[in-house]
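Me: Please take a close look at one part of this model: the charged side chains that pair up within a helix. Then place that part in the rest of the fold.

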Amino acid sequence: DLTGEGIDPKDRAGILKLIHVAVGSESGLPPARRIELLRQGVAEDPTNPSLYYHLGGELEKVGRYAEAVKLYQSALSKGVVSGRLYSRIADLYLREGRKDAAIVHYEKAAQFNPSDYESQSNLATAYLEKGRVADAERIFRWIIAAGEEYAPAYNGLGLVAIQRRDLAGAKVNFERAVQLDPDLVEAHLNLGLIYKMSGDIPRARSSFQTCLAKATRAQYGHIIPQVREELAALQ
């Protein structure tokens, strides 16, 4: 609400400069110094959402996930409430294997911003991992029906089809996913598995090779060995 009672923007010019120095495109500071500066910013301006997003992002980059969760929770406790914060907490809970807690926070994120298709898709994926196939399918289809050609939603529908033993449907959705987003590593892996199951070895090999070529070790280190095993089995 625009009540005129908030902080005068010119009184936070120093915070704007701090953010630019810490995480601006030309910032060459090491991670530790970035984190230090952003913590100073949070102490000075504790209701500024951008500071929490930037600081949390820096903590996540260096693997300090527990600190990031505490930071986001502290933001919520100070009244800094947004779907983005709930979604980030959910991502970290999911990383820890706390699927039920992740679902609660993804649901809150989706309530804040229904057009946040990433959070919606993550929620559907969490539902799927909990065996709530119908709930997952409902959300994936809602994303697509909303007019968004969103590759992860098609990948998710492919996973739903596998749960229902509909390999033809899974293939169609995985193919659509990689067509929309050629860099979607999970879809290439899933498509390779489907091709392998259907006996299309050349396409399976090609999908696995594409998956390896696009998978960074930092983000996909947990699936790279699986893909290599799949490729070796095709020799």
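Reply: Helix H8 spans residues 133–145, and both Asp-135 and Arg-138 lie in this helix, 3 residues apart, which is about one turn of the helix. The model is predicted, and what follows describes that model. The side chains of Asp-135 and Arg-138 form a salt bridge in which the closest N and O atoms are 3.5 Å apart. Asp-135 has a relative accessibility of 24% and therefore counts as partly exposed, because the buried class ends at 20%. Arg-138 is also partly exposed, with a relative accessible area of 48%, since the exposed class begins over 50%.

H8 carries another salt bridge, between Glu-137 and Arg-141, whose closest N and O atoms are 2.9 Å apart. Glu-137 and Arg-141 are 4 residues apart in H8, so about one helical turn separates them. Here the two partners fall into separate accessibility classes. Glu-137 counts as buried because its relative accessibility is 16%, under the 20% limit. Arg-141, at 47% relative accessibility, counts as partly exposed. The acidic end of this pair is thus buried, while the basic end is partly exposed.

A salt bridge is also found inside helix H10, which covers residues 167–180. There Lys-171 pairs with Glu-175, with 3.2 Å between the closest N and O atoms. Their spacing of 4 residues in H10 means that about one helical turn lies between them. Lys-171 counts as partly exposed at 28% relative accessibility, and Glu-175 counts as partly exposed at 24%. Elsewhere, Arg-34, Glu-58 and Lys-61 are joined into one network by salt bridges that share partners. Across the whole structure, the search finds 17 salt bridges, the pairs in H8 and H10 being among them.

H10 also contributes to a nonpolar feature of the surface. Leu-167 lies in this helix, and together with Ile-162 and Met-197 it makes a nonpolar surface patch of about 260 Å². Leu-167 is partly exposed, with a relative accessible area of 34%; it can belong to a patch because that value is over the 30% cut-off.

From H10 the chain goes on through a loop to H11, and Leu-184 is placed in that loop. Leu-184 counts as buried, as its relative accessibility of 12% is under 20%. A distance links this loop residue back to H8: the C-alpha atoms of Leu-184 and Arg-141 are 19 Å apart in space, with their positions 43 residues apart in sequence. At the two ends of that distance are a buried leucine and a partly exposed arginine.

The helices around these pairs can be described by how they pack. Two packed helices are described by the angle between their axes and the distance between the axes. For H11 (residues 185–197) and H14 (residues 224–233), the axes come within 11 Å and cross at roughly 25°. That angle is under 35 degrees, so H11 and H14 are roughly parallel to each other. Their crossing is left-handed. Met-197, one of the patch residues, is the last residue in the range of H11.

H2 (residues 31–44) and H3 (residues 49–61) pack with their axes 9 Å apart, at an angle of about 150°. H2 is therefore roughly antiparallel to H3, the angle being over 145 degrees. H2 passes H3 in a left-handed crossing.

As for the overall frame, the secondary structure comes to 14 helices and 0 strands. Its C-alpha atoms fill a box of roughly 65 × 35 × 30 Å along the principal axes. Of the 235 residues, 43% are buried, with Glu-137 and Leu-184 among the buried residues. One further residue gives a sense of spacing in that frame. Phe-112 lies in helix H6, which covers residues 99–112, and is partly exposed with a relative accessible area of 45%. The C-alpha atom of Phe-112 is separated by 32 Å from that of Gly-221, which is 109 residues away along the chain.

Definitions and conventions. Residues numbered from 1 in each chain as written. Predicted model: local features only at pLDDT ≥ 70, side-chain atom pairs only at ≥ 80, totals over all residues. Heavy atoms only, no water. Patch = residues over 30% accessible without salt bridge, like charges linked within 9 Å, V, L, I, M, F, W, Y side chains within 5 Å. Areas by Shrake-Rupley, 256 points an atom, 1.4 Å probe, with all protein chains shown as cover. Salt bridge = Lys/Arg side-chain N within 4 Å of Asp/Glu carboxyl O. Helix = DSSP H or I, 4+ residues; strand = E, 2+ residues; numbered from the N terminus. Buried < 20%, exposed > 50% of the residue type's maximum accessible area, 1.4 Å probe, protein only. Axes fitted to C-alpha atoms, helices over the stretch in contact; angles between N-to-C directions. Parallel < 35°, antiparallel > 145°, perpendicular 65-115°, else oblique. Left-handed = near helix turned anticlockwise from the far one by under 90°.
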